[in-house]
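Q: Please take a close look at a single part of this protein chain. I should like to understand how one helix is placed within the whole.

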Amino acid sequence: MISPKYHFASDNTSGICPEAWQALEEANQGFQPSYGDDEITREACETFRQFFETDCDVYFVFNGTAANSLSLASLTQSYNSIICANESHVETDECGAPEFFSHGAKLLCARAVQGKLDAADVERLITHRTDVHYPKPAALSLSQSTELGTVYTHAELQAVTSLAHRKGLSVHMDGARFFNALAGSKASAADITWRAGVDVLCCGGTKLGMAVTEAVVFFRRELGEAFAYRCKQAGQLCSKMRFISAQWLRLLRDETWRKHADHGNRLARLLAEKMTALDGVELLYPVQANACFLKLPDSIKDKLKAKGWRFYSFIGGGSRFMCSWKVTEDDVHQLVADAQ
Ligand SMILES: *Cc1c(COP(=O)(O)O)cnc(C)c1O
């Protein structure tokens, strides 16, 4: 039996990056106040404020589903609706958590083009009903980078966020792969978030290389007023918070986040280039972050599977290959050789 190879199946099949591991080790000294009342957590939150060049509020939770659903619950009442893309993680992969934590807010799925919300369809969903029988739209959720590995340009982002704000909706960004989007952009973290109209960002740590953490960043602080209570009630307040904070502190320092995100993005481009050189292989979406979606002939799929490669075929209508910090150039060449 050939052993399975999970390298490209997801960015969370990788382990913890050396910098995060070292930060865990260094934080493992003596006694510290618990539940986030420690010096490392204070410093990590301050580092976030410098990183985003604004006085934002920052909370750490264990995973993306909690980050998304608890922050969306902060933006909505039970009678509201949340507009998101058809393929969005909040719609397809969170087991109804946004609806559950908001006590019933309804997700309204808008048409998306290559994973990105279509502004005209968003407007249609916001305006086609205004009566009391229909859940009143209160939030817009978008993913950056998207579930299909694409990245909103500044103009595209501005178009949907300004529409949302004009209609009185708040804007939520699912940034499970935020750093991959940021690394591929010339703009600053501030430019592609609050300066582009994002009110709350779920900032992904786990897929970047950390252990069990996402940061929820409220750029409009009043929206996060009760967030600490939501986290605690949902079982998302870490008692030994310093281990989460220490990883963030380390990854945000010296642009370590950029090193890992750039690496994943570069390998996804390499994988796309090498695989599309093979007969019958087509690239489904532009590679703008660390994902590569391919349409593969059955013969190649079978060959890869026989060699042990694991990859998802249920997202975006093709075969998805994710590149994390841990994947190497050799891994890409091996995959391509096995497909040949
Ligand atoms: C992975 C991912 C998440 C987070 O999922 P968890 O498994 O709950 O950590 C959120 N949004 C997107 C787009 C993702 O790909």
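A: The answer below begins with the whole chain, turns to one helix, and ends with two single residues.

The model shown here is predicted. Its protein chain contains 13 helices and 12 strands. The radius of gyration is 20 Å, close to the 20 Å that the globule rule gives for 340 residues, so the chain is as compact as a globular protein of that length. Along the principal axes, the C-alpha atoms fill a box of roughly 60 × 55 × 35 Å. Of the 340 residues, 56% count as buried. Among the contacts with a separation of 6 or more, 75% are between residues 24 or more positions apart. The chain exposes about 14,900 Å², and carbon and sulfur atoms supply 50% of that area.

Against this background, the part chosen for a close look is helix 6, which covers residues 119-127. Its buried residues are Asp121, Val122, Leu125 and Ile126. Seen down the axis of helix 6, these buried residues fall within an arc of 140°, so they line one face of the helix. A general rule helps in reading such a pattern: an α-helix has 3.6 residues a turn, so residues three or four places apart point the same way. The buried residues of helix 6 pack against several elements of the chain. Four of these partners are strands, namely strand 2 (80-85), strand 3 (106-110), strand 5 (116-117) and strand 6 (136-143). The other partner is helix 7 (154-166).

Two single residues may be set beside this helix. Ser245 is placed in helix 10, which covers residues 242-252. At 0% relative accessibility, Ser245 counts as buried, because the cut-off for a buried residue is under 20%. Not counting residues up to four places away in sequence, Ser245 touches Ile40, Thr41, Ala44 and Phe60.

Leu223, in turn, is placed in the loop between strand 9 (214-218) and helix 9 (227-233). Leu223 has a relative accessible area of 16% and is therefore buried. Leaving aside its neighbours within four places in sequence, Leu223 is in contact with Ser74, Leu75, Ser170, Asp199 and Phe218. One of these, Asp199, is 24 residues apart from Leu223 along the chain, and the C-alpha atoms of the two are separated by 8.3 Å.

Technical notes:
Residues are numbered from 1 along each chain as its sequence is written. This is a predicted model: local features need pLDDT of at least 70, side-chain atom pairs count only at pLDDT 80 or more; totals for chains, interfaces and linings use all residues. Side-chain values use heavy atoms; hydrogens and water are left out. Helices (H or I, at least four residues) and strands (E, at least two) are DSSP runs, numbered from the N terminus. The radius of gyration is taken over C-alpha atoms; the globule rule is 2.2 Å times the number of residues to the power 0.38. Buried means under 20% relative accessible area, exposed over 50%, partly exposed in between (1.4 Å probe, protein chains only). Contact means heavy atoms within 4.5 Å. Accessible areas come from the Shrake-Rupley method with a 1.4 Å probe; for residues, only the protein chains shown count as cover. The arc is that of the directions from the helix axis to the C-beta atoms.
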